[in-house]
Amino acid sequence: MNKSELLLHGWDHCIDREDWYPPLRDVLKDMTEEEASWRPEGAAANTIRENLEHLLFYKERLLKRLTGEETEYPDGLTNDDTFQPETSGESSWEAVFRRIEDVHTAIRQELASLTDGDWENRTPGKPLDLWVKALTLHDAYHTGQIVLIRKLRGSWPARRSFE
């Protein structure tokens with residue numbers, strides 16, 4: 001397996017392929033706006049919706065870097081700012097996940113067109129392969145948080161089987 005295949009393999013598992021953790025699509029299946037907005041009582045934790053807004057911000061940022069639309073981190077924006085939902089309501093909740101899927105797919109298409117040599121240069125600050133690997137791990141991390149929030153709410157099985 002070459003570098004491109006390896007990185008795309010990891011990228012594919014973020015949204016729709018089971019591996020060591022469930023893919024985001026399965027974790028969010030049949031979720032309502034109410035559940036996505038739930039926060040454990042007394043806990044300093046982000047909601048599922050806030051985690052998705054955060055994931056979306058960084059995926060959109062990578063896509064913009066791949067297409068040449070962005071080279072620098074937006075002025076005045078902190079990491080904490082990226083967790084804030086732009087809108088609320090059931091349709092917007094569904095739209096957030098559709099946007100994540102669309103951006104994830106667009107990034108995959110960009111990445112699939114690269115040769116092994118392209119991975120070293122394409123973004124400012126650090127090589128593209130490190131960006132993609134970091135975002136794959138970032139997705140896994142926040143997907144795990146979402147599973148934990150669902151377990152705390154009682155909407156995720158304590159044990160589940162997978163293939």
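Below, a colleague asks a modeller how some statements about this predicted model are reached.

Modeller: Local features need pLDDT of at least 70 and side-chain atom pairs 80 or more, while totals for chains, interfaces and linings use all residues. Numbering runs from 1 along each chain as its sequence is written, and side-chain values use heavy atoms, without hydrogens and water.

Colleague: What makes up the secondary structure of the protein?

Modeller: Six helices and zero strands. Helices are DSSP runs of H or I with at least four residues, strands are runs of E with at least two, and numbering starts at the N terminus. The pattern along the sequence is α-α-α-α-α-α.

Colleague: How do you know that the radius of gyration of the protein agrees with a compact globule?

Modeller: The rule, over C-alpha atoms, is 2.2 Å times the number of residues to the power 0.38. For 163 residues that gives a value near 15 Å, and the protein has 16 Å, so the two agree.

Colleague: Why is α4 called largely enclosed by the rest of the structure?

Modeller: Buried means under 20% relative accessible area, exposed over 50%, and partly exposed in between, with a 1.4 Å probe and protein chains only. In α4, 17 of the 20 residues are buried, so the helix is largely enclosed. Over the 163 residues of the protein, 42% are buried.

Colleague: What span is expected of α4, residues 48-67?

Modeller: The expected span is 1.5 Å times one less than the number of residues. For 20 residues that is 28 Å, and α4 reaches 29 Å from its first C-alpha to its last, which is close. Just after α4, Gly68 takes a positive phi of about 85°.
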